[in-house]
Every structure is written in C-alpha cells, then in structure tokens.
Amino acid sequence: MITEQENQEQKLAYMQQDIIITKRMDQIKHKIAVMSGKGGVGKSTMAVNIAASFAKKGYKTGILDVDIHGPNVPKMLKIGKTDLKVNEEGILPVKVGENLKVMSSQFLLSDENSPIIWRGPKKTAAIRQFLSDVSWGNLDILVIDCPPGTGDEHLAILQSIPSIDGIIMVTTPHTVSLDDVEKSINMARHLKIEVLGIVENMSGLICPECETEIPLFGRGGGSEISSKTGIPLLGSIPIDIRFEKEDDVLLVENSNSETSKNILKVVTKIEKQVLKEESAGK
Ligand SMILES: Nc1ncnc2c1ncn2[C@@H]1O[C@H](COP(=O)(O)OP(=O)(O)OP(=O)(O)O)[C@@H](O)[C@H]1O
Ligand SMILES: [Mg+2]
C-alpha cells in the first residue's frame, strides 16, 4: 500500500523526469515514430533504412529501438555485442559511420538471447529512462522503431516525447494487417499525433527470372487504407528476395533493386514533409 507521501514523491520524480526528457528532446529537431498495429510487417526494416538514408544524406540522425521484447535494430545494422559508454552527460549511443547514432534495449541485455519479461509499468519506466538518460546531443532527426501493437511502449513514447513530428505507419497488403493498422491510426488520432503517411511493405514479389510482379499478399491494401483514412500513401515496397539473412536489410546501401528505389522515394517524401528547413541547405 503506497502512502500519500510516497505518492507525492513519485509524482514529483515523474515531473522532474519530464523536464529532463523535454531538455533532451529539445536538442533533436525532428522525431518520427515507425509503428504498426501488426507484427512482422517491416517496421524495423523501414526504420533502419529510413534512418540510414537520412544519415547518408548528411543529416545528424538517431535511431531508438524501443522494442523491449524483440530489439532487432542492432542486428540489422550489424552492431555486435556492445558495452555502452557513459559520461557526465548520460548514456552515449553507439555511433555507426559519421552521422548515425543508435540506442537499443538490446545493448542493456547481458545475454542477447535472454528475453525481458516486464509488465506495463516497468516497460513505461524503462522507456522513459531511455528518453531521459541517453545523451544524443544535437540531432536533425530521431527515428523511433516501435514494437507491434498499441500498448504501453507506444503510449510511453507518444505521451513522453514533446513535439513529436508524427508517425509513419507500416502495413502489408493483407486485410488482417490493415485492420490492425487502423487501430494504430485511431490511437494516434486519439493522442492528437499526426500520421505522416502509410508505407505498404511486402507489396509484391518481383520474379527475378521474368520480372513479373507476383502479389503474394494481395494488392492495393495500402491505398485502400489511405483513401479510407485520408492519410497519404508514401509508397509501396516490394519483397526483396535478398533478405534471406535477417541481418541483411540495409537496402539503401544497394539502390539498384526496385525495393531500395521505392524505399528511397519514401525517404524523400518524409524529408520534404519533415525536414523542410534542413533540406534547403542540402
Ligand atoms: N520488403 C521486404 N522484402 C523482403 N523481406 C522483408 C521486407 N521487409 C521486411 N522483410 C523481412 O521480414 C521480416 C520482418 O521484418 P521486420 O523485423 O522489419 O518487421 P517488424 O514489423 O519490425 O517486426 P516486429 O513486429 O517483430 O517488430 C524480417 O526478416 C525482414 O528481413
Ligand atoms: Mg521490429
């Protein structure tokens, strides 16, 4: 049983943490979250490729992997076991190349295969701690890779980060995926956070022999949800059969395939929408 005094102390600590988060986030010009109500649709793949593209274009970029139960970002960026460094400013993100900084709950696990078994309040506390303790420094943009669903992690992110620019919603053409994405869109609307656009991933398989597109998971789901919700469709990304290995997803590194070309088109749209002022100098 929590006493009234303990309750007051907790409230005060929460408010103090909010102030620290606001200070940290003020150093980051733009923040976007990559979300989907559905699992396995390519959120992390998109988040990693979007962040890597921005970094390649010269923007100071961060990627925050808040998928506590299944952090995939380090693997996708080929970051091995890492001991995080801490200085007087806080926990330092891991640098990849010149412009990309990475933070993931994976870095906090002693053994990458051990699962984290946390319930709601603990997950919220961990995410808020991420936001308050990581020293990103000045960034042009922070891309946040969210877990599937509309749960505690999403609420913690969307409610704790002040002035978030918006959400990129990822879907596949499946009807089940679309239903789940609609739930996420409703959550964003409820929290009054803009959904910047929809990305339809795995929108077809281009046959490497004859280059015919095979609609493995159906067709047109992204545009269907776009016209239903009025949210722009940023692009459709075909399946790339080179994704045989789970850690081989940095498609923007190879801009020859249809998949990477389409991801780059999506990135350019987000750049025009979000990084308007910064892009003027590029
Ligand atoms: N366009 C694509 N072509 C081929 N494979 C893809 C494509 N997009 C994603 N994948 C593969 O699908 C799998 C799931 O992708 P990813 O991990 O990005 O999804 P997710 O939505 O982040 O999943 P989770 O809900 O578990 O976080 C990965 O193995 C990834 O390599
Ligand atoms: Mg993921």
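Welcome to this structure, and let's start with its ligand: ligand 1 is surrounded by 18 residues, and the closest of them are Lys43, Ser44, Thr45, Asn201 and Asp240. Please keep in mind that this is a predicted model. The chain around the ligand is built with 9 helices and 11 strands, and 50% of its 282 residues are buried.

**Around the ligand**

- Asn201 places a polar side-chain atom 2.9 Å from a nitrogen atom of ligand 1.
- Asp240 takes part through its backbone, where a polar atom is 2.8 Å from a nitrogen atom of ligand 1.
- Asp67 has an N or O atom in its side chain that is 3.4 Å from an oxygen atom of ligand 1.
- On its own, ligand 1 would expose 630 Å², and the protein buries 81% of that area.
- Helix 2, strand 9 (195–206) and strand 11 (233–239) are the elements that each give two or more residues to the shell around ligand 1.
- Helix 2 is the element that gives the most to this shell, with 3 residues.

**The chain as a whole**

- About 14000 Å² of the chain is exposed, and 52% of that area is supplied by carbon and sulfur atoms.
- If you look at contacts between residues at least 6 apart in sequence, 78% of them join residues at least 24 apart.

**The nonpolar core**

- The largest nonpolar core holds 71 residues, and Ile32, Ile63, Leu64, Ile144 and Ile270 have the most contacts inside it.
- Helix 2 (residues 43–56) gives the most to this core, with 7 residues.
- Leu64 is a good residue to look at here: setting aside residues up to four places away in sequence, Leu64 touches Met103, Phe130, Leu131, Trp136, Leu142, Val143, Ile144 and Asp145.

**Helix 1 and Arg128**

- Helix 1 runs over residues 4–26, and its 23 residues reach 33 Å from the first C-alpha to the last, close to the 33 Å expected at 1.5 Å a residue.
- Within helix 1, Ile21, Arg24 and Met25 are buried.
- Arg128 belongs to helix 4, which covers residues 120–133.
- Arg128 counts as buried because its relative accessibility is 2%, where the cut-off for buried is under 20%.
- The side chains of Arg128 and Gln17 make a polar contact at 3.0 Å.
- Beyond its neighbours within four places in sequence, Arg128 is in contact with Tyr14, Gln17, Asp18, Ile21 and Ser160.

**Two more residues to find**

- Lys78 sits in the loop between helix 3 (73–76) and strand 3 (85–87).
- With a relative accessible area of 55%, Lys78 is exposed, since exposed means over 50%.
- From C-alpha to C-alpha, Lys78 and Val96 are 9.5 Å apart in space, and the two are 18 residues apart in sequence.
- Asp180 can be found in helix 6, which covers residues 175–190.
- Asp180 has a relative accessibility of 18%, so Asp180 counts as buried, given that the limit for buried is under 20%.
- Apart from neighbours within four places in sequence, Asp180 is in contact with Gly37 and Lys38.

Notes: Residues are numbered from 1 along each chain as its sequence is written. Chains are lettered from A and ligands numbered from 1 in the order in which they are written. This is a predicted model: local features need pLDDT of at least 70, side-chain atom pairs count only at pLDDT 80 or more; totals for chains, interfaces and linings use all residues. Side-chain values use heavy atoms; hydrogens and water are left out. Helices (H or I, at least four residues) and strands (E, at least two) are DSSP runs, numbered from the N terminus. Buried means under 20% relative accessible area, exposed over 50%, partly exposed in between (1.4 Å probe, protein chains only). A polar contact is a pair of N or O atoms within 3.5 Å; within protein, one must be able to donate a hydrogen and the other to accept it, and residues adjacent in sequence count only if both atoms are side-chain atoms. Contact means heavy atoms within 4.5 Å. The expected span of a helix is 1.5 Å times one less than its number of residues. A nonpolar core is a set of buried Ala, Val, Leu, Ile, Met, Phe, Trp, Tyr and Cys residues joined through side-chain atoms within 4.5 Å. Accessible areas come from the Shrake-Rupley method with a 1.4 Å probe; for residues, only the protein chains shown count as cover. A residue is near a molecule or strand if one of its heavy atoms lies within 4 Å of it.
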